[in-house]
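Ready to practise reading a protein fold? Keep the sequence and the 3D view side by side, and try each exercise before you read its solution.

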Amino acid sequence: MINEPSVVAINQKNKQVLAIGDDARKMVGRTPAHIVAIRPLVDGVVSDFEVTQQMLKYFIEKVHREKFSLFPRQE
């Protein structure tokens with residue numbers, strides 16, 4: 001399970017994704033004008049398909065990098 005905001009920081013000059021999730025949220029208001037933080041998912045609706053695809057790929061890879069336990073935590 002992952003708990004991060006669906007925010008992506010993008011360089012508008014070359015359309016490069018610079019940060020995703022918590023890292024992107026921390027960049028809000030602290031970057032040059034050509035770097036913007038966007039929310040590619042708004043109320044469950046995809047507003048930017050390519051950025052949403054990159055964000056979901058990042059989150060899935062992040063979950064798989066974390067250690068797995070033999071005894072998962074039950075909630």
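The exercises below go from the whole chain to single residues, and the model they use is a predicted one.

**Exercise 1. Take stock of the fold**

Task: Find how many helices and strands the protein has, and in which order the elements run.

Solution:
- Step 1: Count the elements. There are 2 helices and 5 strands.
- Step 2: Walk along the chain from the N terminus. The elements follow one another as β-β-α-β-β-β-α.
- Step 3: Look at the whole chain. It has 75 residues, and 24% of them count as buried.
- Step 4: Turn to the surface. The protein exposes about 6100 Å², and carbon and sulfur atoms supply 55% of that area.
- Step 5: Consider contacts between residues at least 6 apart in sequence. Of these, 44% join residues at least 24 apart.

**Exercise 2. Build the sheet**

Task: Work out the order of the strands in the open sheet and the sense of their pairing.

Solution:
- Step 1: Recall a general point. Strands of a sheet pair through backbone hydrogen bonds, in either a parallel or an antiparallel way.
- Step 2: Begin with S1 (residues 8-11). S1 pairs with S2 (residues 16-20) in the antiparallel sense over 4 bridges.
- Step 3: Check the link between these two strands. Their hairpin has 4 residues between the strands, and Lys15 there takes a positive phi near 60°.
- Step 4: Look for another partner of S1. S3 (residues 35-38) is joined to S1 by 4 bridges, and the two run antiparallel.
- Step 5: Put the pieces together. The order is S2-S1-S3, an open sheet of 3 strands with antiparallel pairing. S2 and S3 stand at the edges with a single partner strand each, so one side of each has no neighbour in the sheet. From one strand to the next, the twist averages 30°.

**Exercise 3. Match residues across the strands**

Task: Which residues stand opposite Val8 in S2 and in S3?

Solution:
- Step 1: Look towards S2. Val8 stands opposite Ile20 there.
- Step 2: Look towards S3. Here the residue opposite Val8 is Ile38.
- Step 3: Add other pairs along S1. Ala9 has Ala19 of S2 as its bridge partner, and Asn11 has Ile35 of S3.
- Step 4: Check the Ala9 and Ala19 pair by distance. The two residues are 10 apart along the chain, yet their C-alpha atoms are separated by 5.1 Å.

**Exercise 4. Buried or exposed?**

Task: Decide whether Ala19 is buried or exposed, and do the same for Thr52.

Solution:
- Step 1: Take the cut-off. A residue counts as buried under 20% relative accessible area.
- Step 2: Apply it to Ala19 in strand S2. Its relative accessible area is 10%, so Ala19 is buried.
- Step 3: See what lies around Ala19. Beyond its neighbours within four places in sequence, Ala19 is in contact with Val7, Val8, Ala9, Ala24 and Met27.
- Step 4: Move to Thr52 in helix H2. Its relative accessibility is 4%, so Thr52 counts as buried too.
- Step 5: List the contacts of Thr52, again leaving aside neighbours within four places in sequence. They are Pro40, Leu41 and Val46.
- Step 6: Add a polar detail. The side chain of Thr52 reaches the backbone oxygen of Asp48 at 2.7 Å.

**Exercise 5. Find the core**

Task: Name the residues of the largest nonpolar core and the element that gives the largest share of it.

Solution:
- Step 1: Place the helix. H2 (residues 49-65) lies across S1, S2 and S3, at about 45° to S2.
- Step 2: Inspect S1. Both of its faces are covered, with Val8 and Ile10 buried on one side and Ala9 and Asn11 buried on the other.
- Step 3: Collect the core. Its 6 residues are Val8, Ile10, Ile20, Val51, Met55 and Phe59.
- Step 4: Sort them by element. S1 and H2 are the elements that give two or more residues, and the largest share, 3 residues, comes from H2.
- Step 5: Follow one member. Apart from neighbours within four places in sequence, Ile20 has contacts that include Val8, Met55 and Phe59.

Methods: Residues numbered from 1 in each chain as written. Predicted model: local features only at pLDDT ≥ 70, side-chain atom pairs only at ≥ 80, totals over all residues. Heavy atoms only, no water. Buried < 20%, exposed > 50% of the residue type's maximum accessible area, 1.4 Å probe, protein only. Contact = heavy atoms within 4.5 Å. Areas by Shrake-Rupley, 256 points an atom, 1.4 Å probe, with all protein chains shown as cover. Pairing = 2+ DSSP bridges. Axes fitted to C-alpha atoms, helices over the stretch in contact; angles between N-to-C directions. Polar contact = N/O pair within 3.5 Å; in protein donor to acceptor, adjacent residues only side chain to side chain. Core = buried A, V, L, I, M, F, W, Y, C linked by side-chain atoms within 4.5 Å.
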